[in-house]
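I opened the notebook today to look up how the helices pack and how the sheet is put together. The entries follow in the order in which I checked them.

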Amino acid sequence: MFFIDTIELKGLGNRSYLVGGRHTAVAVDPPRDIDQVVTAAARRGVRISHVVETHVHNDYVTGGPELARVTGAAYLVPAGAHVAFAHVPVADGDVTDIDTGLTLRAIATPGHTPHHTAYVLEENGRPAAAFTGGSLLIGTVGRPDLVEPRLTEQLARAQHASAHRLAAELPDETPVLPTHGFGSFCSSAQSEGDATTIGEEKAVNAALTTDVDSFVTRLLAELDDVPAYYTHMGPANAAGPAPVDLTPPALADAEEIASRLSAGEWVVDLRSRIAFAAGHVAGSFNFEADGNIATYLAWLIPWGKPVTLLAESPEQLAAAQRELVRVGIDRPAAAATGTPDRWVPEGSRPVSFPRSTFAGLAGRGTDGVVVLDVRRASERAAGYIEGSVHIPVHQLHKRLGEVPTGTVWVHCAGGMRAGIAASLLDAAGRDVVAVDDGFDAAAEAGLTLVTG
């Protein structure tokens, strides 16, 4: 008998796994905050004997080296990966004993990276599950453009071949358990559903239903923007990340918050976009703790810039810290909890800006205002409001000067990114209205859309 526990990293759209038998287990692609993996093993009453990586990750900082150190586990890394720490190199076909009757068989699956390796869990010699990392995902594959632009087409072709190899070697009923594809930008397209098998992928996955030339052409055409912080993840993982420090940061009073803002540091308010719009510290930015804070804050903030976090509660602050260490934002410079009236100096008041909907915009009319679309280019290509200005949210902080004069009605696809953008504009002194609405409502409100 064996078990498989899934460890969700919802903010990053990834999964890690703990798989094992009665006595020992292996951790697959562990997150940097390893305590949840250790807790899962303790709950099962097993020892972590092995830690394995499918590849050197580009979208989050691994906990592999630290988990191996803490548990004394063997650390398995694909042989082709160039890393600076002690590890056990794994080559195609290598078999590792996990527990009685349980083994992991390595299958070289280049494509997402040149060295990518999948691991097949076998029970008494029969495939029981495939840990496919960034190779075969649910309905798609991992993107091939994160390593080196000159290798992108070559890796895309390798993805096609790797998917076919997995499909040929594994029974249709084999569960496919990827690391990426649940919202991660490492996925070449957004996955639908949260479970799949080899047989199901044979029926729907473009890598398995189209010829290689058609697949590569479509894959390369559909690649989306790459978060800026990805540049730092691969080198950090290859060097061997330091252990995390999740102790509470130093608390800042109102005067220190003001001083840090004056020094050009980032002060980030973690509360909901509704609460932020109603009242916040002038000059602060809004990245909701319940949104994709790790992805979007790491994407926008100048790398290494000190950040002070403002939270409703110590629990919200701790959760955000945990999310941020996963992408290399290790220690906030300072923090504060409570409400905005406690975060502004004596004699000052929180500031605010209005929120609205697409119906509100239609009622107001677009003449005399700036309609700013902060979705990605791939989203805008499907349709946009006539006359709107387009600056993706991840570029806005560097392109604020391109926003035309006038009151800015800013929108995205659902409201979260519009909230971020509205906070950036408000901090820059612009009059802004945050459109907190789903984009489908734009047409329903009678706004003119441009399509095609």
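Entry one, the helix pair. I looked first at the handedness with which α3 and α6 cross, and found the crossing to be right-handed. I kept in mind throughout that the model is a predicted one. The residues that make the contact are T152, E153, A156, R157, Q159 and H160 on the α3 side, and V212, D213, F215, V216, L219 and L220 on the α6 side. Sorted by class, this contact of α3 with α6 holds 6 nonpolar, 3 polar and 3 charged residues.

Entry two, the geometry of that pair. I then looked up the axes, and those of α3 (residues 152-169) and α6 (residues 212-222) come within 9 Å, crossing at roughly 125°. Because of that angle, I noted α3 as oblique to α6.

Entry three, the sheet. I traced an open sheet of 5 strands, in the order β7-β8-β9-β10-β11, and its pairing is mixed. At the edges I found β7 (95-99) and β11 (176-178), each of which pairs on one side only. From one strand to the next, the twist averages 25°.

Entry four, one strand pair and the helix over it. Strands β8 (residues 102-108) and β9 (residues 117-123) run antiparallel and are joined by 7 bridges; within this pairing I looked up L102, which stands opposite E123 in β9. Returning to α3, I found that this helix lies across β8, β9 and β10 (126-133), and that it runs at about 145° to β8.

Key: Residues are numbered from 1 along each chain as its sequence is written. This is a predicted model: local features need pLDDT of at least 70, side-chain atom pairs count only at pLDDT 80 or more; totals for chains, interfaces and linings use all residues. Side-chain values use heavy atoms; hydrogens and water are left out. Axes are lines fitted to C-alpha atoms, for helices over the stretch in contact, and angles run from 0 to 180 degrees between N-to-C directions. Helices (H or I, at least four residues) and strands (E, at least two) are DSSP runs, numbered from the N terminus. Angles under 35 degrees count as roughly parallel, over 145 as roughly antiparallel, 65 to 115 as roughly perpendicular and the rest as oblique. A crossing is left-handed if the near helix is turned anticlockwise from the far one by less than a right angle, and right-handed if clockwise. Contact means heavy atoms within 4.5 Å. Ala, Val, Leu, Ile, Met, Phe, Trp, Tyr, Cys and Pro count as nonpolar, Asp, Glu, Lys and Arg as charged, and the others, Gly among them, as polar. Two strands pair if DSSP finds at least two bridges between them.
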